[in-house]
Amino acid sequence: MSSDSFAHHFIDLGRIADVRSRTHCPFCRLTLTAVGGPRVPDVKNGEPVSVEISVIKNGVSPRGGDAPPTRVLMPSASAPTAFVDEAAVFPEIALVANDSPEGPVSLVRPVRPDKIDFAMVANWLSICEAFHGDECRKKPGMDDFPVHPAAMLKEFRLIDVEKGCLVRATTDDKYTALSYVWGSATVMRTLKSNVESLEQPGAFTAPDIHDQVPLTIKDAMQATREIGIRHLWVDALCIVQDDEDGEKLPHIKQMNRIYETAELVLVAMSGRDANAGLPGVRPWTRGVAQPIEQITPQLRLGVRTAYGNDSVGSIYETRGWTYQETCFARRQLVFAGGQVVFICKYAGNWSEDRVVEDAELVSAEMLEGGGGGAWDGDDDIRSYEGPVQNYSSRTLSFQSDVYAAFAGVSQRMRDLLRTDLCHGIPPRYFDWCLLWDPMNAQQTRRRGTPSWSWSGWEGGGVFPHIWDWYSPKLRDIRNALRSRTWIIWHHRVAHDSVECRLVWNWDAGDGDGDGDGDAREGKKKKNFYGGEIRSRFASVDCSRTRPTERILTGAPAYHPDLLCDTPASGFLQFWTISVRFRLDKPVASSSSSSGDEMAAGWLRGQTRLGIFGDGGRQLGSIHVLDTWLAKNPVPLVGEFIILCEARDERADDYDYDGEPGWKYKVMLLEWHGEYAERVAVGSINRGDEREGSPVWKEIILG
């Protein structure tokens, strides 16, 4: 490879199969490792995968002043039309720092082969404290500081890594927290029967107990000690696991505080279970050799770590419980790819293999601005939709944990949205938050949870996307809901009770109502959000909104809604327009929504069906899961309920309320005796409900 290759800022290495075969070429070996190594296929969807390299200039001058920035190579693997999702994202190849004539900053640093240099980690923590200050002490995405869990929980325990035992924490105690996967390992737990013995000094070093402690937890104790922090929090040992209501549940509801207060969260990204250990803590356990190649006698190149690429295929990234733990971490130390990576608000990738200890580099990162992580602020619906999309795509060993593993996130959502959650849906934005779409063909009903919520489905995640077709601003959404909805949502308290209560009470405590919804039936009716009642369905009497007193028989009991202050059965009871439409293959036309066509490209495992009225005209469309369609072949006539007004597409000029495009959102139902469940949500034009024999009907939705 000549130096002239760099002048064009682009290098074509040809097909990856050929690159793979050139085992004698050190540059080819390094490039192959950088793009993903053996996990990248030679052929993708019948197309050959090729490798190319772009040449960029490193953004920070290595010596400051007029010194030229270092060039960095960015290899990529691609196919002509297919997306090679196995390939690493934005990998980088750079000079080894010891060989650079221009200075070492942000280049590849040779790592200690035997173990992690925890003095370096402690120094990163010191740099963060000195340069970032309060910004990395605040809650992620918030302007206030975390409250120590010891001030909130009656019994908040930590592991004293010096004494080797559990201790009752005070609000002055600094600690690390471990985020890891239990997996199939047998994990020692603190129980009512052993908690007193584990509080004795030296408990965790005693042979009978030490041998029971999983390796990942032992390594976390050692790492915490070597970093210079006295205490460690680990869920299995710091919560009395068989004290469900007295200790375990209160801790679960405070997971946000536990992780956001930790000085550092140790993330066991590469571990398959609790016995995997933390690579590099003990000598010669890194497991991955640093990719450095001698290109010429005077030139060595290496791959710069990007922990996101090292986490591809990681079990950790698929597990439901681990999601909230990194959401709330102010600082993380990620164990992945045989190295550790330090992450905070401003440090996106401080790793052992790159030199970052430079005031100019640290200042430049701060000028670029830090992110809020999972949170988009207190006036943005994406602070709800983003976490729901990410969490719902993860897996749980026990489906009954669906709310518990999300409890910390729900507490933050309640603060940001200023509303409770009802089986994962915020009541203050209820109608539009019911309009989520499934994202994966493997999605199935999660038993023990309601079908109308994202929590009622597993195996692929959901896509809540109000931000995509309307303003993400909460105040705009609240105003729109006051004029584009009509359903008065009630929640059944229990199957054997006739009591129903409002899912949310817009006038509670504001002096306009008595707090139980009677104002809606009084002299001046309001809708669910306090807006004026509008006449939409002229030929139908829509005056009745109170639920009928009735006992519900034959319905399942759902998992307790830990996310709600006033949990109920999970069965909604309400009145709305019911219509019957024919479902069949859609008619292709120029009037089809571009949103439909776009969705068809990424909603894998789903089929777009046409919604047809009495006269045979296609009124709209709906995407249903192929698994449902296999059991319910079309054509068929199905029952739909009209939920609310909404849009399929974003307004061209962002005049959301003024531009045309508003439709009725309809939910296809499947009945199970006295109650119905959601199948899918689609759209029809306003007025087209007249072609479905509309009636005002009471629905119980589970």
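**Exercise 1. Confidence along the chain**

Task: Over which residues at the start of the chain does pLDDT stay under 50, and how many contacts beyond four places in sequence does the model have for them?

Solution: Start at the N-terminal end of this predicted model. Residues 1-8 keep a pLDDT under 50, and the model has 8 contacts beyond four places in sequence for them. Next, look at residues 590-602: pLDDT stays under 50 there too, with 16 contacts beyond four places in sequence. Finally, set these stretches against the whole chain, where the mean pLDDT is 89 and 90% of the residues reach 70 or more.

**Exercise 2. An open sheet and its edges**

Task: Work out which strands stand at the edges of the sheet of 8 strands.

Solution: Write down the strand order, which is β8-β7-β10-β9-β11-β14-β15-β16 in an open sheet with mixed pairing. Now read off the ends: β8 (165-168) and β16 (350-351) each have a single partner strand, so one side of each lacks a neighbour in the sheet. Then zoom in on one pair within the order. Strand β11 (residues 264-267) runs parallel to strand β14 (residues 332-336), with 3 bridges between them, and Val265 is found opposite Gln332 in β14. To finish, add the helix: α4 packs on this sheet and touches β14, β15 (339-343) and β16. The direction of α4 makes about 10° with that of β15.

**Exercise 3. Two helices that meet**

Task: At what angle do α4 and α13 pack, and which residues make the contact?

Solution: First find the helices, α4 at residues 118-132 and α13 at residues 359-367. Their packing angle is about 60°, and their axes lie 11 Å apart. An angle between 35 and 65 degrees counts as oblique, which means α4 is oblique to α13. The crossing of α4 past α13 is right-handed. From α4, the contact uses Ile127, Phe131 and His132; from α13, it uses Ala359, Val362, Ser363 and Met366. Sorting these residues gives 5 nonpolar, 2 polar and no charged.

**Exercise 4. Strand β13 and its partners**

Task: Which residues stand opposite Gly302 in β13?

Solution: Take β6 (residues 92-95) first. Strand β6 pairs with β13 (residues 299-304) in the antiparallel sense over 4 bridges, and Ala94 stands opposite Gly302. Turn next to β12 (residues 292-296), which is also antiparallel to β13 and joined to it by 4 bridges. Here Ile292 is opposite Gly302. As a last step, trace the link from β12 to β13: a hairpin joins them through 2 residues.

Notes
Residues are numbered from 1 along each chain as its sequence is written. This is a predicted model: local features need pLDDT of at least 70, side-chain atom pairs count only at pLDDT 80 or more; totals for chains, interfaces and linings use all residues. Side-chain values use heavy atoms; hydrogens and water are left out. Axes are lines fitted to C-alpha atoms, for helices over the stretch in contact, and angles run from 0 to 180 degrees between N-to-C directions. Angles under 35 degrees count as roughly parallel, over 145 as roughly antiparallel, 65 to 115 as roughly perpendicular and the rest as oblique. A crossing is left-handed if the near helix is turned anticlockwise from the far one by less than a right angle, and right-handed if clockwise. Contact means heavy atoms within 4.5 Å. Ala, Val, Leu, Ile, Met, Phe, Trp, Tyr, Cys and Pro count as nonpolar, Asp, Glu, Lys and Arg as charged, and the others, Gly among them, as polar. pLDDT is the predictor's confidence in each residue, from 0 to 100. Two strands pair if DSSP finds at least two bridges between them.
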